[in-house]
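Me: I'm new to this structure and would like a close look at just one part of it. Could you pick a spot where a pocket gets its lining and walk me through it?

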Amino acid sequence: MQSLFARLERRFGGFAIPNLTAIIVAGMGAVFVGARLRPELLERLTLDLSAVGHGEVWRLVTYLFIPRTTSLIWIIFSLGYLWTIGSTLERHWGSFRFNIFYLLGCAGTTAAAFLTGRAETNVWINYSLLLSFGTLFPEEEFLLIVIPIKVKWLALFDAAYLAYAMVTGDGPERAAIVAALSGYFIFCGPTLYAMWRDRNLKVRQSARRAAIVSAADAALEARVCAICGVSAEGGADIRVCSCAKCGGPRNLCVVHARNH
C-alpha cells in the first residue's frame with residue numbers, strides 16, 4: 001500500500017491541497033459564526049439528498065464544515081483539538097496522503113448517504129481523525145480542561161463509542177461509520193497489525209519466561225536430600241544418586257551420597 005501511495009504521489013502530488021486542516025478549521029469557524037448570525041444558514045449547507053438532486057451540489061462539500069456544537073466555549077476547544085490532530089497527521093503523512101485520507105472518509109460518507117437514502121454528517125469522519133491520531137501517537141497528551149490525558153485513552157473511548165454505535169445503530173448508521181473509517185483502516189491498518197503482532201510476541205515471550213522460571217523453581221524445590229532433608233536452596237550440595245542400593249535416581253546431599 002505504501003508503494004502505491006508513493007507512485008500516486010509522484011504522479012498526482014501537485015494536485016494536493018496544502019494545509020487542508022487549516023481550511024477545515026477555518027470553514028467550521030466561519031459556519032459557526034454564520035449560523036449564530038443567521039441560524040437558517042445551516043439548512044442550506046446540510047447534505048440534503050433531495051436538494052442535491054435539484055442542483056444544490058454545494059451540499060456535497062458544505063456539510064463537512066458544519067460544527068457539531070452551538071456552544072461558543074465548546075467550539076473553541078473543538079476546533080483547537082481538530083487543528084492539533086489534523087495538522088499533526090498532515091505533517092506525519094504529508095499533504096497528499098492526508099488529502100487522500102480525508103477524501104476517503106468524505107467520499108465514503110457521501111456514498112453511504114446515497115446508498116441508504118439517509119443524510120449524513122461529518123461526525124464519523126472527525127472520529128476517524130481522533131482514532132488515527134491515537135493509533136499513531138498514543139503517548140501524546142491533551143489537556144482536558146486542566147487535566148492532562150494521554151491520547152490513547154481518548155482513542156480507546158472513541159473506539160468504544162464507535163463499537164457501541166455499530167451494535168445499537170441501524171443499517172444506514174453502520175454503513176456510514178464503516179465508510180467514514182475507510183481511510184483509518186487503510187492508513188492505520190499496518191500500525192494496528194504491528195501492534196497486535198508485537199503484543200502477541202510479548203505475551204508468548206512472557207509465558208515462555210514464566211515457564212522457565214517455574215520449571216527452575218520446581219527443580220530447585222525438588223533438590224532435597226532424601227535422607228536428611230537438607231536442600232540446595234539452603235546451600236547444601238545435592239547430588240543425584242543412581243546406585244543399585246538406592247534402587248534408582250534420587251537426590252542426596254554430598255555427605256549421604258558418599259556414605260549410604
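Reply: Let's go to the second largest pocket, where α2 and α6 each give at least two residues to the lining. Those labels come from DSSP: helices are runs of H or I with at least four residues, strands are runs of E with at least two, and both are numbered from the N terminus. Keep in mind that this is a predicted model, in which local features need pLDDT of at least 70 and side-chain atom pairs count only at pLDDT 80 or more, while totals for chains, interfaces and linings use all residues. Residues are numbered from 1 along each chain as its sequence is written, and side-chain values use heavy atoms, with hydrogens and water left out.

The second largest pocket holds about 310 Å³ of space. It has 16 lining residues, and Ile-17, Leu-20, Asn-99, Tyr-102 and Leu-103 are the closest to its centre. Helix α6 gives the most, six residues. By class, the lining comes out at 15 nonpolar, one polar and no charged residues. (Ala, Val, Leu, Ile, Met, Phe, Trp, Tyr, Cys and Pro count as nonpolar, Asp, Glu, Lys and Arg as charged, and the others, Gly among them, as polar.)

A word on how such spaces are found. The search uses a 1 Å grid over the protein atoms alone: a pocket is an open set of points with protein on both sides within 12 Å along at least five of seven lines, a cavity is a set of points where a 1.4 Å probe fits but cannot get out, and lining residues have an atom within 4 Å of a point. Points are joined across faces, edges and corners, and a volume is the space filled by probe spheres set on them.

Now for the two helices. α2 covers residues 20–37, and its end C-alpha atoms are 26 Å apart, which agrees with the 26 Å that 18 residues should span at 1.5 Å a residue. (The expected span is 1.5 Å times one less than the number of residues.) α6, with 22 residues, reaches 31 Å from first C-alpha to last, close to the expected 32 Å. Just after α6 comes Gly-117, with a positive phi of about 80°. There's another positive phi in the loop between α1 (2–12) and α2, where Asn-19 sits: its phi is near 55°, and it isn't a glycine. Asn-19 counts as exposed, at 52% relative accessibility. (Exposed means over 50% relative accessible area, buried under 20%, and partly exposed in between, using a 1.4 Å probe and protein chains only.)

So what does α2 keep inside? Its buried residues are Leu-20, Thr-21, Ile-24, Val-25, Gly-27, Met-28, Val-31, Phe-32, Gly-34 and Ala-35. An α-helix has 3.6 residues a turn, so residues three or four places apart point the same way. The buried residues of α2 pack against α5 (72–93), α6 (95–116) and α7 (123–136).

Take Ile-24 in helix α2. Ile-24 is buried, with a relative accessible area of 6%. Setting aside neighbours within four places in sequence, Ile-24 is in contact (heavy atoms within 4.5 Å) with Phe-65, Leu-82 and Tyr-102. Ile-66 is 42 residues away from Ile-24 in sequence, yet their C-alpha atoms are 9.8 Å apart.

Ile-24 also helps line a cavity, along with Thr-21, Leu-82, Gly-86, Phe-98, Tyr-102 and Leu-129. Here α2, α5 and α6 are the elements giving two or more residues. The space amounts to about 30 Å³, and the search of the whole structure finds one cavity of 30 Å³ or more. Its lining divides into five nonpolar, two polar and no charged residues.

Tyr-102 turns up again in the largest nonpolar core, which has 49 residues; Tyr-102, Leu-89, Trp-93 and Leu-129 have the most contacts inside it. (A nonpolar core is a set of buried Ala, Val, Leu, Ile, Met, Phe, Trp, Tyr and Cys residues joined through side-chain atoms within 4.5 Å.) Both α2 and α6 are among the elements that supply at least two residues of this core. As for Leu-129, its contacts beyond four places in sequence are Leu-82, Ile-85, Leu-89, Phe-98, Phe-101 and Tyr-102.
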